[in-house]
Amino acid sequence: MARNREQDGFLSGYDNRNIGSAVGMGLLTGSLITVIMLVLSIAVGAAISGLSDWMRYYLSYIVAGLAGGILQQLWFNYHPTMRFAYSARLLGFGITYYVVLAACAYFGSWLPAGNPWAWATFSIIFLVIFAAVTFIIGVSLKKRGIEYTERLDEYHAKRRGE
């Protein structure tokens, strides 16, 4: 059976009949093109005049953003990691993304290297944001689970003729 390109990989969730999906896919594609253009511009600039502080700064932001998306997919959507409990995947994501962000902060000079209080504040802010996002997603997933259970119960009731 021939499969449509929209059923696989990158376009698997894309509905070309929906304006929201089209705009969303455009933003995703445009973001990818923008990142590629920025990396190429920085690479050319670094080849011509060496890697400057502003180049390191922007590269560190690009790496942090890309790593966040990649790590999210690896920890939450990649089939081999799905065998781990959600809490283990959450912990794995949090630890690996913190390491990446700390490396980016160091490489991009986001914080003064010799100031332990700045690094402690960075760590605390990461933990607070991570905890808040985890809580919000957890509440959302629980609500969705309850809605799905209610719909499934309604479906079963209709099938039984109640």
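## Exercises on a predicted helical model

Helix 4 supplies eight residues to the lining of the largest pocket, the largest share of any element. The model you have open is predicted, so to speak with care: local features need pLDDT of at least 70, side-chain atom pairs count only at pLDDT 80 or more, and totals for chains, interfaces and linings use all residues. Residues are numbered from 1 along each chain as its sequence is written, and side-chain values use heavy atoms, with hydrogens and water left out.**Exercise 1. Describe the largest pocket: its volume, its lining and its chemistry.**

Step 1: Start with the space. The largest pocket holds about 470 Å³. A pocket here is an open set of points on a 1 Å grid over the protein atoms alone, where a 1.4 Å probe fits, with protein on both sides within 12 Å along at least five of seven lines; lining residues have an atom within 4 Å of a point. Points are joined across faces, edges and corners, and the volume is the space filled by probe spheres set on them.

Step 2: Find the centre. The lining has 18 residues, and Q72, F93, F130, V133 and I137 are the closest to the pocket centre.

Step 3: Assign the elements. Helix 2 (53-76), helix 3 (86-107) and helix 4 (116-160) each give two or more residues to the lining. Helices are DSSP runs (H or I, at least four residues) numbered from the N terminus.

Step 4: Sort by class. The lining has 13 nonpolar, five polar and no charged residues. Ala, Val, Leu, Ile, Met, Phe, Trp, Tyr, Cys and Pro count as nonpolar, Asp, Glu, Lys and Arg as charged, and the others, Gly among them, as polar.

**Exercise 2. Find the residues that touch the most other members of the largest nonpolar core, then follow F122 outward.**

Step 1: Pick them out. The core has 15 residues, and F93, Y97, L101 and F122 touch the most other members. Such a core is a set of buried Ala, Val, Leu, Ile, Met, Phe, Trp, Tyr and Cys residues joined through side-chain atoms within 4.5 Å.

Step 2: See where the members come from. Helix 2, helix 3 and helix 4 each give two or more residues to this core, and helix 3 gives the most, with seven.

Step 3: Follow F122. Beyond its neighbours within four places in sequence, F122 is in contact (heavy atoms within 4.5 Å) with Y98, L101, A102, A105, W110 and L111.

**Exercise 3. Are S60 and S123 buried or exposed, and which side chains do they pair with?**

Step 1: Begin with S60, in helix 2. S60 counts as buried because its relative accessibility is 2%; buried means under 20% relative accessible area, exposed over 50%, and partly exposed in between (1.4 Å probe, protein chains only).

Step 2: Look for its partner. The side chains of S60 and W110 are joined by a polar contact of 2.8 Å. A polar contact is a pair of N or O atoms within 3.5 Å; within protein, one must be able to donate a hydrogen and the other to accept it, and residues adjacent in sequence count only if both atoms are side-chain atoms.

Step 3: Turn to S123, in helix 4. S123 is buried because its relative accessibility is 18%, and its side chain makes a polar contact of 2.5 Å with that of Y98.

**Exercise 4. Which residues do L71 and G94 touch beyond four places in sequence?**

Step 1: Take L71, in helix 2. L71 touches F93, T96, Y97 and V100. The C-alpha atoms of L71 and F93 are separated by 6.4 Å, although these residues are 22 apart along the chain.

Step 2: Take G94, in helix 3. G94 is in contact with F126 and F130.
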